[in-house]
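Let's take a walk through a protein model together. Keep the picture open as you read, and try to find each spot as it comes up.

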Amino acid sequence: MTLKAVVTGCGSYLPPDVMTNHDLSAIVETSDEWIRERTGIRERHIAGDDQRTSDLGVEAAKKALAAAGRSPADVDLIIVATTTPDLTFPSTAAIIQAKLGAPAATAFDIQAVCTGFVYAVGTAQKFLASGQHKCALVIGAETFSRILDWSDRTTCVLFGDGAGAFIIEAMDEGDANGRGIMASFLRCDGRMADLLYVDGGVSATQTTGHVRMQGNKVFREAIERISAAMLAVAEEAKVDPRSIDWFVPHQANERIIHGVVKKLDLRPDQVISTIARHGNTSAASIPLAFCEGVEDGRIKRGDLVMLEGMGGGLTWGAALLRV
Ligand code: ACO
């Protein structure tokens, strides 16, 4: 029996506080015009002092469970992609499991920065295809604002907070009717770690540290690597990349997204873009955008959807699924 990993529900959550580009221009020497022209970002959501990454993840998870018609008791695998965990340990997945009241199951975090959600989806697919797990809760959740240096205009204007979640269920290929995750491509090249990293950590400094990025060097790597990952999953799934219905990219920079669209001969109206309102929410950006597409009726049952991400590591990857 061949098992497919099918996305049966999604949900997302954004903290209510919004920080606009104008707000930022009162903190660092920047302007709404610069941020919009260079990135496409207009505003981002910032978690309240009383909100942890797990709180954002729990809200997204509840909505995903409701959309899939499942309860926490059904979940036997929880994977949380995050770079901003509540604590060094236990994992944010364990904390979310307890907050949801889910029973003992497999639960762990994945750390692949902005590619985290693609890594989590690819990992869940392999667990579900093995037949050992039936119902996965896959979350991308971040309070990225907590690791920003608010005096560094080259990074603090780019990021925001939020969470998104998928319920992914194992289904017999016959019942799946063509739906499911068709292929994933996950890569990391640690030789480029110094392009994008946090200058602190448990073992190195016993502090949390702040994001440091050579943005223009990352930018130069992005379009080529993301496009190659998308072509690789399309080839593995034996589909023409131009036959995808929706492109749900990691929301780092509008110019990177446009570059990939052009390179792969896609149409701009196939892109689900939330960057203007969310900024870069790291591992949360893909499920946040995906859910928006589902909720507003653009992404429908049977559609072919391409996800891609790139971030610290450097990590990059793509996943292709039929909804
Ligand atoms: N406001 C005004 N001016 C600014 C700002 C700002 N917020 N930030 C930088 N500048 C200035 C710089 O100082 C520089 O000035 P100079 O020419 O006098 O030296 C000028 O603007 C141009 O700076 P660049 O860094 O070359 O600008 P660029 O066009 O490359 O845009 C950006 C910067 C938006 C960061 C872009 O490089 C980018 O998006 N890179 C990729 C980011 C990414 O994809 N990261 C991966 C995911 S994130 C993760 O994994 C955590």
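Before we start, here is a handy vocabulary: a residue is called buried under 20% relative accessible area, exposed over 50%, and partly exposed in between, using a 1.4 Å probe and the protein chains only. This is a predicted model, where local features need pLDDT of at least 70, side-chain atom pairs count only at pLDDT 80 or more, and totals for chains, interfaces and linings use all residues. Residues are numbered from 1 along each chain as its sequence is written, and side-chain values use heavy atoms, with hydrogens and water left out.

Let's try the vocabulary on Arg 153. With a relative accessible area of 46%, Arg 153 is partly exposed. You'll find Arg 153 in helix H6; helices (H or I, at least four residues) and strands (E, at least two) are DSSP runs, numbered from the N terminus. Now look for Arg 36: the two residues are 117 apart in sequence, and their C-alpha atoms are 14 Å apart in space.

Arg 153 also takes us to the ligand. How many residues surround the ligand? There are 28, and the closest are Thr 30, Arg 38, Cys 114, Arg 153 and Asn 253. To be near the ligand, a residue needs one of its heavy atoms within 4 Å of it. Sorted by type, this shell has 14 nonpolar, ten polar and four charged residues. In that sorting, Ala, Val, Leu, Ile, Met, Phe, Trp, Tyr, Cys and Pro count as nonpolar, Asp, Glu, Lys and Arg as charged, and the others, Gly among them, as polar.

Next, zoom in on some polar contacts. A polar contact is a pair of N or O atoms within 3.5 Å; within protein, one must be able to donate a hydrogen and the other to accept it, and residues adjacent in sequence count only if both atoms are side-chain atoms. The side chain of Asn 253 has an N or O atom 2.7 Å from an oxygen atom of the ligand. Arg 255 uses a polar side-chain atom, 3.1 Å from a ligand oxygen. With Gly 312 the backbone does the job: one of its polar backbone atoms is 3.0 Å from an oxygen of the ligand. How much of the ligand does the protein bury? Taken alone the ligand exposes 1000 Å², and the protein buries 75% of that (accessible areas come from the Shrake-Rupley method with a 1.4 Å probe, and for residues only the protein chains shown count as cover).

Which elements give two or more residues to the shell? They are helix H2 (32-39), helix H6 (153-156), helix H8 (215-236), helix H9 (254-263) and strand E12 (304-311). H8 gives the most, with four residues. Zoom out again, and you'll see that domain 1 (3-176) and domain 2 (182-322) both give residues to the shell, so the ligand lies between them. The domain bounds come from an automatic or database domain assignment.

On to the cysteines. A disulfide is a covalent bond between the sulfur atoms of two cysteines. Here, a disulfide is counted when two cysteine sulfur atoms are within 2.5 Å, and a search of the whole structure finds zero. Why doesn't Cys 291 bond with Cys 10? Their sulfurs are 3.1 Å apart, and Cys 10 holds the closest cysteine sulfur, but that is too far for a bond. For Cys 135, the closest cysteine sulfur is also in Cys 10, 14 Å away, which is too far for a bond. Cys 291 is buried at 0% relative accessibility, and Cys 135 is buried at 3%.

Finally, let's look at some backbone oddities. Most residues other than glycine have a negative phi, and most peptide bonds are trans. Phe 89 and Pro 90, however, are joined by a cis peptide bond, with omega about 0°. Pro 90 sits in the loop between strand E4 (77-81) and helix H4 (92-100). Another cis bond runs from Gly 313 to Leu 314, with omega near -15°. As for phi, Asn 177 has a positive value of about 55° although it is not a glycine, and Asn 177 is exposed at 68% relative accessibility. Lys 238 has a positive phi too, near 60°, and is exposed at 75%. You can spot Lys 238 in the loop between H8 and strand E11 (246-249).
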